[in-house]
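Welcome aboard, and please keep your viewer open. We will select one piece after another and see what is there.

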Amino acid sequence: MPFWTAVDGKAQDPKRESRFTVSIQSLNDGTNNVWYAKSFGKPKAEITSTPHRYLNHTFNYPGSIKWSTVDLEIIDPTDPIDGAGSIAQLLEAMGYQIPNNGGHDPEELITISKRKGVGSLGYVFISSIDDEGNELETWSLKQAFVSKFDWGSYKYEGDALVTLKLTFTYDWAECELVRSKTDPINPSTAVQSEAADNKKFFKNT
């Protein structure tokens, strides 16, 4: 049954752009997700083609697959972490060192590597969630590393929050789908006639 005709308290809503969580091991700040994420592009795959010509005809054959980069936009918080400082540390952890003494110091021989890029970033997950917070679809970027760092910009004409952007390069992505079951909503019990004394709503339990 189409979702637009199944609004009966039982059928789930389709996936929504604004219902998602991001989990990156090096940026989670001790929590289970990057709570300051603003947007995250889902993986994209492209299959190259190899043409074969015969007289006036061209026949195409599928070649190798290439996974496109994805971008993460995050707000730059100052408490309990500093977003700009966190991604700067990530760049250093990948092996980037500024030249101090013309390459004569041992530390200046350190370079960026995939081992350090993948290892310092850790796991990368993006999950679509339903209206109850249950995961519906989870993508995992495999052997991912940050290939572009963008610390945002300032302008006197704007009052928007500063946005940082990271671009991820990865070898492949895995997708796990979970169809969670939710209890149907009973309108007869959703709202009950009760005395209002000592009742609290929208409070943490």
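Start by selecting helix H1, residues 83-93. Its buried residues are Gly83, Ala84, Ser86, Ile87, Leu90 and Leu91; buried means under 20% relative accessible area, exposed over 50%, and partly exposed in between, with a 1.4 Å probe and protein chains only. These buried residues cover an arc of only 165° around the axis, which puts them on the same side of H1; the arc is that of the directions from the helix axis to the C-beta atoms. Turn to the other side of H1, and you will find Gln89 and Glu92 exposed.

A word on what you are looking at: this is a predicted model, where local features need pLDDT of at least 70, side-chain atom pairs count only at pLDDT 80 or more, and totals for chains, interfaces and linings use all residues. Residues are numbered from 1 along each chain as its sequence is written, and side-chain values use heavy atoms, with hydrogens and water left out. Helices (H or I, at least four residues) and strands (E, at least two) are DSSP runs, numbered from the N terminus.

What covers the buried residues of H1? Select strand E5 (70-75), helix H2 (114-121), strand E8 (145-150) and strand E9 (163-169), which are among the elements in contact there; contact means heavy atoms within 4.5 Å.

Now look at the ends of H1. At the N-terminal end, Asp82 acts as a cap, with a side-chain oxygen 3.1 Å from the backbone nitrogen of Ala84. After H1 comes Gly95, with a positive phi near 115°.

Next stop: a sheet. Select E1, E6, E7 and E10, which form, in that order, an open sheet of 4 strands with antiparallel pairing; two strands pair if DSSP finds at least two bridges between them. Its edge strands are E1 (20-24) and E10, each pairing on one side only.

Zoom in on strand E7, residues 135-142. Is E7 largely enclosed or open? Of its 8 residues, 6 are buried, so E7 is largely enclosed by the rest of the structure.

Add strand E6 (residues 124-129), which pairs with E7 over 5 bridges in the antiparallel sense. Here Phe125 stands opposite Ser140, and Ile126 stands opposite Trp139. The hairpin of E6 and E7 has 5 residues between the strands, and Gly133 takes a positive phi near 85° in this hairpin.

Finish with strand E10 (residues 172-177), whose antiparallel pairing with E7 runs over 6 bridges. Pick Thr138, and you will find its bridge partner in E10, Glu176.

Definitions and conventions:
A polar contact is a pair of N or O atoms within 3.5 Å; within protein, one must be able to donate a hydrogen and the other to accept it, and residues adjacent in sequence count only if both atoms are side-chain atoms.
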